[in-house]
Amino acid sequence: MRRGGARGKERGPGLPAQLRNPPGGRNARIMLLALAVDRTGSGLWAASSVLYLTFVTHLSAQQIGVLLGVAGVAGIAGSPLAGRLAGRFPVRSLLIGCHLLRLVTLVLVLVCTGFDALLPVVAVTYLGDRAAKTLEMLFATRAAGERRAAYQALSRSAANAGYGVGAGIAAIGLAVGTTGAYRVLILGNALSFVAAAVLVWRTGEPSGSAVEVARSGGAAPTARGEGGAVVRGGSPWRDRGYLGFVLLDIPMNLDDSILAVGLPLWLVNSTSAPHALVPAFLVINTVLVVVLQLSVSKRAEGPRRAARAVLLYGVLMLACCGFLAVATRGGAWAAGAVLLAAALLVTLAELMRSVSSWELAVLLAPQDARAAYLGVAGMSQSIQKSAGPPLLTGVVMAAGPAGWLVLGAAVAGLAVVQSRACARRLGLGPAPAGAALAAK
């Protein structure tokens, strides 16, 4: 009985209770609501944008590909730009500006009909989107302080719930299928920016000097460069150690492209699994992220656990790619079961990566230049979104099952390099036996 009671206390309050009283108090609670509203609009856009561009603006498939590709490249600049500006201006005001910028560009999408006019408009929309995500991360880092990993988990749960609601609403509009219905969905996304901006306006500017203490025990470790020298604030572009972390973090985000692009296309083109399983991948991902993100985040709090979570990410990705490689064998039901298992594994990998990557990006940055550093760190996700799909379709899947095995092995190997590099920069020695047991 005592053990059960101890475990119950260790688990702590559930997701609804923590959403009502998140790390950071009132400001964090309002920001989580703003994030959920924003992602509801993102769900509307993700589900309807390609069809809108096809049936309303009458763009060809090639034009849509170029449009979204250029927009993805433009989005890469959003993170470092937001980080640089956040070092000079209030995060809250900049985030409101990003929401209003995207409001303007989405309204322009509704009135622009030609490819030439839509290209810069959609590019600026994606730039504002990536900038907003970086600013949300900075807000959380300052507001939640040492409990930033718990806040990140709550934000992921809120975001995925909002995204799911948006996709569900979009399904209704897509079922109607008229030009008016498509326009209403795009307008709904634009209005979500208004609501999010109003909610952010109700928050207060978080302190930039929040105390950062690692939950794994003791004071937070200091990032160190070559030769053990303490890293001081400066330009992240001159910090080779941090740039190496960002570079290695790009393949650590490939789970996103595997879920959105790799799994569906591999099922359709290389397996006998029923096509009706494709929506199940997103359902599995959304439900598990909402339900498990909070508990998984506890395994990545603090420097030592975050570095260890990177290793677990590599193992999960290797297993996922192994399942994808063998999915070509067997009948429809066997292939379907294997692909569902792969979706489960890639979702578990995403849960680990989403917290550990953010935690390490914060810990590795000098505190007096954290905004600029986190802006550069945010580029890894943007670069992966642009490079990941072509890598999977043009290289991995073109090589067949062997391509998946090579990809899994490569990501696992890079995870080992990433983990060791982070531990070395943070000055982490071998974990004491007692600490290792406590972490389990």
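Modeller: A residue is called buried when its relative accessible area is under 20%, exposed when that value is over 50%, and partly exposed in between. The model we discuss is a predicted one.

Colleague: Why is D38 called buried?

Modeller: The relative accessible area of D38 is 1%. The cut-off for a buried residue is under 20%, so D38 is counted as buried.

Colleague: What makes D38 and R39 a salt bridge?

Modeller: A salt bridge requires a side-chain nitrogen of Lys or Arg within 4 Å of a carboxyl oxygen of Asp or Glu. The closest N and O atoms of D38 and R39 are 3.2 Å apart, so the pair meets the criterion. R39 is also buried, because its relative accessible area is 10%. Side chains of opposite charge can pair when their charged atoms come close.

Colleague: Which residues are linked with D38 and R39 in a network of salt bridges?

Modeller: The network also includes R102, D129, K133 and E136. Within the whole structure, the search finds eight salt bridges.

Colleague: How do you know that K133 and D129 form a salt bridge, and where do they lie?

Modeller: Their closest N and O atoms are 3.1 Å apart, and the limit is 4 Å. The two residues are in helix α6, four residues apart, and are therefore separated by about one helical turn. An α-helix has 3.6 residues a turn, so residues three or four places apart point the same way. K133 is partly exposed, since its relative accessible area is 26%.

Colleague: What does the salt bridge between D256 and K385 tie together?

Modeller: The side chains of D256 and K385 meet with an N to O distance of 3.3 Å, which satisfies the 4 Å limit. D256 lies in helix α10 and K385 in helix α15, so the pair ties together parts that are 129 residues apart in sequence.

Colleague: Why are D256 and K385 called partly exposed?

Modeller: D256 has a relative accessibility of 30%, and K385 has a relative accessible area of 44%. Partly exposed residues are those between the limits of 20% and 50%, so both residues receive that description.

Colleague: Where does helix α15 bend?

Modeller: Helix α15, residues 379–396, has a kink of about 35° at A387. The kink comes shortly before the proline P389.

Colleague: Which residues of α15 are buried, and what covers them?

Modeller: The buried residues are M379, S380, S382, Q384, G388, L392 and V396. The elements that cover them include α4, α6, α9, α10, α14 and α16.

Colleague: Why is T203 counted as buried, although it lies in a loop?

Modeller: T203 is in the loop between α8 and α9. Its relative accessibility is 5%, and the cut-off is under 20%, so T203 counts as buried. Leaving aside neighbours within four places in sequence, T203 is in contact with R26, N27, I30, M31, R92 and F139. In addition, a polar atom of the T203 side chain lies 2.6 Å from the backbone oxygen of V200.

Colleague: What makes H58, also in a loop, exposed rather than buried?

Modeller: H58 has a relative accessibility of 62%, and exposed means over 50%, so H58 counts as exposed. The loop that holds H58 runs between α3 and α4. H58 has a phi near 60°, a positive value in a residue other than glycine.

Colleague: What makes V194 eligible for a nonpolar patch on the surface?

Modeller: A patch residue needs over 30% relative accessible area. V194, in helix α8, has 33% and is therefore partly exposed. It forms the patch with L187, L191 and V198, and together they have about 310 Å² of accessible area.

Colleague: Why is V417 called partly exposed?

Modeller: V417, in helix α16, has a relative accessible area of 44%. That value falls between 20% and 50%, so V417 is partly exposed. The C-alpha atoms of V417 and V310 are separated by 9.6 Å, although the residues are 107 apart along the chain.

Colleague: What secondary structure does the protein chain have, and what percentage of its residues is buried?

Modeller: The protein chain has 17 helices and zero strands. Buried residues make up 50% of its 440 residues. Of the contacts with a separation of 6 or more, 85% are between residues 24 or more positions apart. The accessible surface comes to about 19,000 Å², with 66% belonging to carbon and sulfur atoms.

Methods
Residues numbered from 1 in each chain as written. Predicted model: local features only at pLDDT ≥ 70, side-chain atom pairs only at ≥ 80, totals over all residues. Heavy atoms only, no water. Bend = angle between axes of the 7 residues up to and from the residue. Buried < 20%, exposed > 50% of the residue type's maximum accessible area, 1.4 Å probe, protein only. Contact = heavy atoms within 4.5 Å. Polar contact = N/O pair within 3.5 Å; in protein donor to acceptor, adjacent residues only side chain to side chain. Patch = residues over 30% accessible without salt bridge, like charges linked within 9 Å, V, L, I, M, F, W, Y side chains within 5 Å. Areas by Shrake-Rupley, 256 points an atom, 1.4 Å probe, with all protein chains shown as cover.
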